[in-house]
Amino acid sequence: MRFLRRNRYFLLFAGLFLVCGVMVLRQIELNHSAHSDLREAFILLHTKGYKAEAQHLFQRLLSGLEQLPNKTLTEDFQRLVTLVDPGKQDPENLLWKYYWTVSNEMEKRSESTLAKALKLAHEP
Amino acid sequence: MNAPSASPSTSRAAVDGKFFRLNGEKFFFKGVTYGPFAPDAQGETFGRKAQVAADFASIRALGANGVRVYYPPPRWFLDLALEHGLKVLIDIPWPKHLCFLDSAEAQETARETVRQAVAGAKGHPAVFAFSVVNEIPAEIVRWSGARRVEVFIDELIDLARAEEPSALFTFTSYPPTEFLRSSSADFICFNVYLHRPKEFEAYLARLQMLADTKPLLLGEFGMDSLREGEAHKCEFLSWQIELGARAGLAGTVVFSFTDEWFRGGLPVEDWAFGLTTRERQPKESYFAVQRQYQLSPFFPLPRSPKVSVVVASYNGGRTLRACLESLRHLKYPSYEVILVDDGSTDDTRTIAQAFPEVRTIRQENLGLSVARNTGIAAATGEIVAFTDSDCRADEDWLRYLVGDLLNSECVGIGGHNLLPPDDSLVAAAVLVSPGGPAHVMLTDREAEHIPGCNMAFYKSVLEEIGGFDPVFRKAGDDVDVCWRLQQRGHRIGFSPAGFVWHYRRSTIQAYLKQQAGYGEAEALLARKHPEYFNGVGNGIWRGRIYSSSRHGVVLQRSIIYHGTFGSAFFQTLYSAAPSFPLMLCTSLEYHILVTLPVALLSWLFPFLWPLAATCVLLSLAVCIAAAVQAELSVAKRRFWSRPLVALLFLLQPLERGWARYRLRFARSTARRDFTASTPSPAMALEETEELSFWSKGDVERYRFLAGLTTRLERRGFDIRLDSGWSNFDLEISGTFWSRLRLITVTEELELGRRNFHCRLRGQWSLAAKLLFLASAAIELLVIALIAPLKPWIWMLPLTLPFVALLVGEQSHRLRESVADELTALARELKLVRITHRQAQPPARSASAKPDNTSRPTTPAKTPGPECQLKESAETGVVP
């Protein structure tokens, strides 16, 4: 009891740190699954011919694209590459447009990664 | 005022505070009821002219100066009254015993009857007043609804006044309808038949509370000679007239002049309320009333102790001359006036020179309390009365104040402070705005506190408590004195007739400055008497506030006790209190904790703006509602009056609250610095949480606590003592964020030795709790909004332990400081500090109860650390 009273602020901090840490991880997981749900809903609506609704979800996917982690971006790329023909340009197809946007985003990120790599290589 | 004027008065009486005034003199209505008699051939119920003239002569000989009649009299009757120097109170009869509000025709009949009655006596100088209705049956009021009846009475008075603007108007009530109020009536008129002095006196005090600032006339009282006997009637009427006058009534009317009485179409023969027989032979009671009316209204006081009237003034030159002039004309046998000029820089000194009879003491500006203490020191009277330079005393102020004080068991007394008729329109709006000086009543005769502009105390009791506390420089000294006297078991009384006229602040700026002063006084009072205040420093009044302001918006309807089937003889009104939650919406705390955060959030998150707008509109709506409900005088009302009152309702809590917090912050900062300078080395947490001492037995717990209280107060701590309901002995508010609760216990050991244990528990103050909860709430809101984008925001709550740590550190430092005081006190009392382990059972016996200090109980076997006393005497701590 004395230990608890003496260190109550530290224990409170530690307890909160634990809880907050768990909540951060849970939030990341939630965010990720929320994006996956959005993506799958977009694919489903597009496949079933709900053009307007699919267009709305497409816009939402685009608005959050820059914040997506690389892993999620790769997952999106891998999922879409099974649905569209990468070699054929099809700007009317929302799925192809999303695939093309994801691909561009990955390329953009790889350019910055490349730039960092080159910078490292030129360092003495 | 005592002797009725022999010459006919051709002018009309007017209301003057709690009394009437006629030809510049106070007019106490000493009346008898007259008639009605059997109607003559013309249907008139006033008898023959010759008989009336003879009766009026007899009434004059009685010492009366007025008659009350129950029908509008013919002009010749009024002419005769004028000739005999009598004023006439005229009742106007209409079918009030029917359900008149159910019938438009009955209402129109009432209106027409009133209009004709007033027109019939229009301009006649013998008319004293009209009563538009007398004793509406309680059942009819219950049937129609009290509010509707009140509105109808007001309507009748208003239309009568339109007919004859210079007359006085009222309606006559009685105990079964005592709840009826009329805002238009010039004075309150009541018929009361109570046969025992104690009940009669108590009921008059109640009626004075109901009458509030209006004159109270006893419209009927009397006794039946047949049933009670003439001797009993003499005694009864004698004490009724005396008690009525002592209670500060503006007039009394004995029922009736003669036994001859005609009612309901028949002569009444089995009642004999008259002072004369049907043949106009005076009864014994005639002479009894004659004796009393000669003395009335000023019956001799038991004694007339010298009174010192103290006026403390700081730059009060604007109204000082009127104040001193009024004090010059006080009707009291032995008094002196002491003006304490508290370093004024205006023309106070010049004005004072014009009053050579006034003792003027000039001092540097030291504040209101010091000035009043100077006045007390200079006073040579047994009683010291206080008023302010912005007041004008009624000529009988001291007579009533001292009379009521001597006739009670109180040590102090106060009275009304009324708005002078010549005060400005802004002052009238200020009168009904919040925060004015008011008396708070515990009962109809006992006050919880009284305003400083009208109060008197025995000098000895003021000296007993050391006078006014100099810490109160602008206000609050009166409340402090009242509370300190009550804490010593004394009582404070209230004199309804001992009133002063009080000029209110006549500009918004002056009003707000006054409220700022009151706010500071509140902060000081909250520090000194925390038991009278809630957590945020607002007063918790333990009685009913009497003032022209409602102090808020009343949402609920008043409740009337009618008795079973509406049969109660005394049907009492229980007024609804203003809505506290609604008034919170105008407080400074509401604006800072609710409106401001929501406004800031709505700036960040625009979808919240309707909420922010609602917060602001709620405050405004409450202020507007309060202004609409304010009882503004018709004569002083203009189109801008209510908007001004609404504005003052909005600004007053802000100004007063700001001043209160400013002072509290300043004091808590000072205390924090003081606490930090405590020289002793820091103690371990456990060492400061529970301290134990051993005593040879010559120190008791109460002495120990008293010593500790004195020491802590001397060092500037705010202390709240256990009021009997707490599970602690002292609550010490050391800093703004924390407070400490101390509980002590004594263990009785053998040979009369004792162990004292003191437990100090830190508590967060309300401000700290609010800060913590607000921080947590804001952080959760931010998390809810940002977490989907930035998951790391979940780490924000890690700041909360630091908030707790900061508050805990304050609490720890306060505990250290108090523990130091405890140790120093123990050393002073030659107690020996013992460690927690040494104080463990078996030393701790079954007698270890907080309230069993001195009661001898079974001593424990452990002798206590006596053997170690010598070696620890220097340090006070047993190793």
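Two strands count as paired here if DSSP finds at least two bridges between them. With that in hand, start in chain B of this predicted model, where β14 (residues 307-313) and β15 (residues 335-342) pair in the parallel sense over 7 bridges. One place to look is Ser313(B), whose bridge partner in β15(B) is Asp341(B). Now check what surrounds β14(B). Val307(B), Val309(B), Val311(B) and Ser313(B) lie on one side and Ser308(B), Val310(B) and Ala312(B) on the other, and they are all buried, so both faces are covered. That makes 7 of 7 residues buried, which means the strand is largely enclosed by the rest of the structure.

Next, move to β4 (residues 29-33) of chain B, another mostly covered strand, with 5 of its 5 residues buried. Phe29(B), Gly31(B) and Thr33(B) point one way, while Lys30(B) and Val32(B) point the other way, and all are buried. Yes, that list includes a lysine: Lys30(B) stands opposite Thr252(B) in β11(B). The strands β4(B) and β11 (residues 251-254) of chain B run parallel and are joined by 4 bridges. β4(B) also has 3 bridges to β5 (residues 66-69) of chain B, again running parallel. In that pairing, Thr33(B) has Arg68(B) of β5(B) as its bridge partner.

Just before β4(B) in the numbering, there is an open sheet of 3 strands in chain B, in the order β1-β2-β3, and here the pairing is antiparallel. The edges are β1 (14-16) and β3 (25-27); each has a single partner strand, so one side of each is left without a neighbour in the sheet. Neighbouring strands in this sheet are turned by 55° against each other on average, ignoring direction. If you zoom in on β2 (residues 19-22) and β3(B), you'll find 3 bridges between them, antiparallel. Arg21(B) has Lys26(B) in β3(B) as its bridge partner.

Now for some helices. α17 (residues 508-528) of chain B is easy to check with a ruler: at 1.5 Å a residue its 21 residues should span 30 Å, and the end C-alpha atoms are 30 Å apart, which agrees. This helix is mostly covered too, with 15 of its 21 residues buried.

Further along, α24 (residues 766-786) of chain B packs with α25(B) at an angle of about 170°, their axes 10 Å apart. Angles over 145 degrees count as roughly antiparallel, and therefore so does this pair, α24(B) and α25(B). Where do they meet? On the α24(B) side, look for Ala768(B), Leu771(B), Phe772(B), Ser775(B) and Ala776(B); on the α25(B) side, for Leu800(B), Val803(B), Ala804(B) and Val807(B). The contact has 8 nonpolar residues, 1 polar and no charged.

Finally, follow the chain B surface across to its partner: 16 residues of chain B are in contact with 15 residues of chain A. α22 (685-689) and α25 (800-828) of chain B each supply at least two residues of the side that touches chain A. The largest share, 5 residues, comes from α25(B). By class, this side of chain B has 14 nonpolar, 1 polar and 1 charged residues.

Stepping back to the whole of chain B, you have 26 helices and 32 strands. Of its 879 residues, 44% are buried. Among contacts in chain B with a separation of 6 or more, 74% involve residues 24 or more positions apart.

Conventions: Residues numbered from 1 in each chain as written. Chains lettered and ligands numbered in written order. Predicted model: local features only at pLDDT ≥ 70, side-chain atom pairs only at ≥ 80, totals over all residues. Contact = placed C-beta atoms within 7 Å. Nonpolar A, V, L, I, M, F, W, Y, C, P; charged D, E, K, R; others polar. Expected span 1.5 Å × (residues − 1). Buried ≥ 20, exposed ≤ 12 C-beta atoms within 10 Å, placed from the backbone. Axes fitted to C-alpha atoms, helices over the stretch in contact; angles between N-to-C directions. Parallel < 35°, antiparallel > 145°, perpendicular 65-115°, else oblique.
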